[in-house]
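Student: Could you take me through one part of this model in close detail, and then show me how that part sits among its surroundings? I'd enjoy a connected account rather than a list.

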Amino acid sequence: MSMIDEQLAERIKDLNWPPLMDWREFADWVRVDQGVVEGWIKRAYIPTHKIGRHRMVNIPRLLEQMEEEEV
């Protein structure tokens, strides 16, 4: 695990964020309309994983992408 991965894992643990979250729940969590989040997913703006029939937002990867954009 790289240093960045370790830092992100520690931050998520400290904030009690789940590593994966159902996309609808994610929309509610960030207070954005579900249709908006669905569009972000279709355009690959946010990282997701499909588990069975469920599409999950990858929170650690999203945080990593956000940090990369800030640099």
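Tutor: Happily! Let's begin where helix α3 starts: there, a side-chain oxygen of aspartate 33 comes to within 3.0 Å of the backbone nitrogen of glycine 35. Please keep in mind that this is a predicted model, and the distances and angles below are computed from it.

Moving along α3, the buried residues are Val37, Gly39 and Ile41. What do they pack against? The buried residues of α3 meet α2, β2 and β3. After the helix comes alanine 44, which has a positive phi, near 60°.

Two of those buried α3 residues lead us into the interior. Val37 and Ile41 belong to the largest nonpolar core, a set of 11 residues that also includes Met21, Trp23, Phe26, Ala27, Ile46, Val57, Ile59, Leu62 and Leu63. The elements giving two or more residues to this core are α2, α3 (34–42) and α4 (59–70). Leucine 62 is a useful member to follow: beyond its neighbours within four places in sequence, leucine 62 is in contact with Phe26, Ile46, Pro47 and Val57.

Phe26 brings us to α2, and to an aromatic pair. The model has 1 such pair, and it joins phenylalanine 26 to tryptophan 29 in a tilted arrangement, 6.2 Å centre to centre with 55° between the planes. Why can these two rings meet? Phenylalanine 26 and tryptophan 29 lie 3 residues apart in helix α2 (residues 23–29), so about one helical turn separates them. In general, an α-helix has 3.6 residues a turn, so residues three or four places apart point the same way. The two partners have unlike surroundings, though: phenylalanine 26 is buried, with a relative accessible area of 4%, whereas tryptophan 29 is partly exposed at 38%.

Now for the sheet, since β2 and β3 are among the elements that the buried residues of α3 pack against. Here 3 strands form an open, antiparallel sheet in the order β1-β3-β2. At its edges are β1 (20–22) and β2, each pairing on one side only. From one strand to the next, the twist averages 40°.

On one side of β3, strand β2 (residues 48–51) pairs with β3 (residues 54–58) in the antiparallel sense through 4 bridges. Within that pairing, histidine 49 has methionine 56 of β3 as its bridge partner. The two strands make a hairpin with 2 residues between them, and glycine 52 in the turn has a positive phi of about 60°. The pairing of β1 with β3 is also antiparallel, over 3 bridges, and there leucine 20 has asparagine 58 of β3 as its bridge partner.

Let's finish on strand β1, which contains aspartate 22. Is aspartate 22 buried or exposed? Its relative accessibility is 19%, and the cut-off for buried is under 20%, so aspartate 22 counts as buried. Setting aside residues up to four places away in sequence, aspartate 22 touches His54, Arg55 and Met56. Aspartate 22 can also be placed relative to β2: its C-alpha atom is 9.7 Å from that of lysine 50, a residue 28 places away along the chain.

How values were computed: Residues numbered from 1 in each chain as written. Predicted model: local features only at pLDDT ≥ 70, side-chain atom pairs only at ≥ 80, totals over all residues. Heavy atoms only, no water. Pairing = 2+ DSSP bridges. Phe/Tyr/Trp six-rings, centres within 6.5 Å; stacked < 30°, edge-to-face > 60°. Buried < 20%, exposed > 50% of the residue type's maximum accessible area, 1.4 Å probe, protein only. Axes fitted to C-alpha atoms, helices over the stretch in contact; angles between N-to-C directions. Contact = heavy atoms within 4.5 Å. Core = buried A, V, L, I, M, F, W, Y, C linked by side-chain atoms within 4.5 Å. Polar contact = N/O pair within 3.5 Å; in protein donor to acceptor, adjacent residues only side chain to side chain.
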